[in-house]
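Colleague: Hi! I'm new to reading protein models, so could you walk me through this one with a few questions and answers?

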Amino acid sequence: MDYSHIQFCDSSVSADGHCQAPINLHHLHKLFQVAAFWAQDRSLEDLSIAISNSKPVISVWDGEKLIGFARATSDGVYRATIWDVVIHPDYRGAGLGRKLVESVLSHPHMNRVERVYLMTTHQQSFYEQIGFECNSSTTMVLCNQPKLGFPTQEAQLQELPGG
């Protein structure tokens with residue numbers, strides 16, 4: 001199948017008449033429902049917050065249909081993490097996922113970062129083909145749970161002198 005008409009769009013760049021930007025959250029939610037078992041329960045509000053705190057945010061379009069998505073967070077120099085890489089099942093196997101990840105990696109906010117992380121459950125071999133390596137030496141996680149008793153940022157600010 002010919003995918004030469006597929007468009008990759010950076011949502012931080014103004015729409016040029018050919019791109020769909022910014023991301024329509026309803027379209028993204030629908031894409032996650034079809035293509036991402038790990039993101040099916042996300043709310044529109046939470047998606048909006050995640051996207052607004054991400055750069056770059058890359059979407060993939062077949063005309064008016066959102067068929068792919070990925071985002072990253074980064075300090076622009078030392079560390080970055082790629083999140084939510086997804087291609088609609090009907091479009092998989094044509095190299096669009098690879099091009100999507102490469103679009104994220106080549107973005108000016110990412111292209112000089114020393115170390116790029118990502119988490120994946122079942123797609124290690126896909127990412128290894130792009131150049132990622134398994135890394136068990138630096139992976140830790142803290143599930144943010146209110147019962148842990150960490151003070152909120154507001155409480156921390158009030159505890160500071162003059163706060």
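Colleague: Let's start with one residue: where is the place of K55?

Modeller: Keep in mind that we're looking at a predicted model. Helix α2 covers residues 44-52 and strand β2 covers 57-62. K55 falls in the loop between α2 and β2.

Colleague: Is K55 buried, exposed or partly exposed?

Modeller: Its relative accessible area is 41%. Buried would need under 20% and exposed over 50%, with partly exposed in between. So K55 counts as partly exposed.

Colleague: Leaving out residues up to four places away in sequence, which ones does K55 touch?

Modeller: Sequence distance can fool you here: K55 and M110 are 55 residues apart along the chain, yet their C-alpha atoms are 8.6 Å apart in space. For touching, we want heavy atoms within 4.5 Å. With residues up to four places away not counted, K55 touches A72, T73, H107 and H109.

Colleague: Now the helices. Are α1 and α2 roughly parallel or roughly perpendicular?

Modeller: The axes of α1 (residues 25-35) and α2 come within 10 Å and cross at roughly 105°. Angles from 65 to 115 degrees count as roughly perpendicular. That makes α1, relative to α2, roughly perpendicular.

Colleague: How many nonpolar, polar and charged residues are in the contact of α1 with α2?

Modeller: Let's list who takes part. From α1 we have L25, H26, L28, H29 and F32, and from α2 there are L44, L47, S48 and I51. Sorted by type, the contact has no charged residues, 3 polar and 6 nonpolar.

Colleague: And α3: why do its buried residues line one face of the helix?

Modeller: In α3 (residues 96-106), the buried ones are L96, G97, L100, V101, S103 and V104. Look down the axis of α3 and you can see how they're spread around it. They line one face because they fall within an arc of 155°.

Colleague: What covers those buried residues of α3?

Modeller: Both strands and a helix turn up in the cover. The helix is α4 (124-130). The strands include β1 (7-10), β2, β3 (65-74) and β4 (79-87).

Colleague: Zooming out, in what order do the elements of the protein run?

Modeller: There are 5 helices and 5 strands to place. We read from the N terminus on, writing α for a helix and β for a strand. That gives β-α-α-β-β-β-α-β-α-α.

Colleague: Last one: what share of the protein's residues is buried?

Modeller: The protein has 163 residues. Buried means under 20% relative accessible area. The buried share comes to 31%.

Definitions and conventions: Residues are numbered from 1 along each chain as its sequence is written. This is a predicted model: local features need pLDDT of at least 70, side-chain atom pairs count only at pLDDT 80 or more; totals for chains, interfaces and linings use all residues. Side-chain values use heavy atoms; hydrogens and water are left out. Helices (H or I, at least four residues) and strands (E, at least two) are DSSP runs, numbered from the N terminus. Buried means under 20% relative accessible area, exposed over 50%, partly exposed in between (1.4 Å probe, protein chains only). Axes are lines fitted to C-alpha atoms, for helices over the stretch in contact, and angles run from 0 to 180 degrees between N-to-C directions. Angles under 35 degrees count as roughly parallel, over 145 as roughly antiparallel, 65 to 115 as roughly perpendicular and the rest as oblique. Ala, Val, Leu, Ile, Met, Phe, Trp, Tyr, Cys and Pro count as nonpolar, Asp, Glu, Lys and Arg as charged, and the others, Gly among them, as polar. The arc is that of the directions from the helix axis to the C-beta atoms.
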